[in-house]
Number of protein chains: 2
Amino acid sequence: MSKSALVILAQGAEEMETIITVDMLRRGGVTVTLAGLDGNSPVLCSRQVTVVPDKSLADALAANPQYDAVILPGGLEGSDRLSKSSVVGTLLKEHEKAGKIVAAICAAPTAFVAHGVAQGKRVTSYPTTKDKIAGAAGGYQYVEGERVVVDGNIVTSRGPGTAYWFGLKLIELLTGKEKADTVEKGMIITGY
Amino acid sequence: MSKSALVILAQGAEEMETIITVDMLRRGGVTVTLAGLDGNSPVLCSRQVTVVPDKSLADALAANPQYDAVILPGGLEGSDRLSKSSVVGTLLKEHEKAGKIVAAICAAPTAFVAHGVAQGKRVTSYPTTKDKIAGAAGGYQYVEGERVVVDGNIVTSRGPGTAYWFGLKLIELLTGKEKADTVEKGMIITGY
């Protein structure tokens, strides 16, 4: 059975971080559910692109309470909405505890802080959100200078421009390095 | 007045190529219209992401018959639909003749061949589509080993993994190198 990933889409999400991640994981053979935080209606993203979720987050959790990975795209407004959602807080904590992959990119690692997730772990984020994480309670070890940081089951990345490598690392962790290499070649990130 | 770009969204388009380009150009201050080839309904892309166009291509051309750039995202099915559209053929030829930027990524340069656009120019594309272009009438000079190829007003690129650099080059050509550098830094493609 293929691995499963839940990508949570909030209004104001960074659309390229969202779509690159979903697209790449599907290329990697992962069954991805793009779930709308507030329902199944089309979601207006940070640069005015409107994306239709596969289903609502409520329906996604009703269908499968536990995914192999839960992934939070960034975008300042989107990350703020993820930070304020108690449903997101609960599912992040449950997935972290179960040893599933819990991942966030750009501003979204601030939602980890808001929900007390990934405490004591090495994490990175969008540079301007560093203080919110490095200065927070929870003993976060803030990392700079790496596109993607993996600490146990916690995966974080820096911004839209690191999303290719965030996607590749998630594929590697879920389906193996060989599959990640195949996706990398198919996309022509290098070897152009 | 800001520069204008028309990105044409066909069913089966490669969603990350589409969204990266739209998002980046908007970051670069370009007024982007994401136009649905067959209307303004949501469009199912190549990896099952559904994207809502800003308006139909017909409405986009009625509002503005000439943009500073016309951009074709790839995806095999999407590129095939762009290749078969006489409306796309006409607008590509008109924009090329007027010296506006005419750009395509991944499989979409095959639409140039289908419509007799960019003849005699240096172009690149997704590697598996090379023969359709290099072997076609029209004297195309096929280029390998470059992420983005610019020849006069014709801009082409290789695949989803070169889309960041396709976006940066289009911003540079439309609004200048300084703006492209600012977008690059804000996205953290390098300097992470």
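**Exercise 1.** Which residue in β4(B) is the bridge partner of Val51(A)? Place this pair within its sheet.

*Solution.* The structure is a predicted model.
Step 1. Val51(A) has Val51(B) as its bridge partner in β4(B).
Step 2. This pair belongs to the contact between strand β4 (residues 50-52) of chain A and strand β4 (residues 50-52) of chain B, which run antiparallel and are joined by 3 bridges.
Step 3. The open sheet around them has 4 strands, arranged as β3(A)-β4(A)-β4(B)-β3(B) with antiparallel pairing.
Step 4. β3 (43-44) of chain A and β3 (43-44) of chain B each have a single partner strand, so these edge strands are each left with one side that lacks a neighbour in the sheet.

**Exercise 2.** Determine how strand β2 of chain A is paired, and whether its residues are mostly covered or exposed.

*Solution.*
Step 1. In general, strands of a sheet pair through backbone hydrogen bonds, in either the parallel or the antiparallel sense.
Step 2. Strand β1 (residues 4-9) of chain A runs parallel to β2(A), and 6 bridges join the two. Within this pairing, Ile8(A) has Ala35(A) as its bridge partner.
Step 3. Between β1(A) and β2(A) the chain passes through helix α1 (residues 15-27) of chain A, and this β-α-β crossover is right-handed.
Step 4. β2(A) also pairs in the parallel sense with strand β5 (residues 55-56) of chain A, over 2 bridges. Here the bridge partner of Ala35(A) is Lys55(A). Ala35(A) is thus bridged to Ile8(A) and to Lys55(A).
Step 5. Buried denotes under 20% relative accessible area. Of the 6 residues in β2(A) (residues 31-36), 5 are buried, and the strand is mostly covered.

How values were computed: Residues are numbered from 1 along each chain as its sequence is written. Chains are lettered from A and ligands numbered from 1 in the order in which they are written. This is a predicted model: local features need pLDDT of at least 70, side-chain atom pairs count only at pLDDT 80 or more; totals for chains, interfaces and linings use all residues. Side-chain values use heavy atoms; hydrogens and water are left out. Two strands pair if DSSP finds at least two bridges between them. Buried means under 20% relative accessible area, exposed over 50%, partly exposed in between (1.4 Å probe, protein chains only). A crossover is right-handed if, with the strands pointing away from the viewer, the path from the first strand over the helix to the second runs clockwise.
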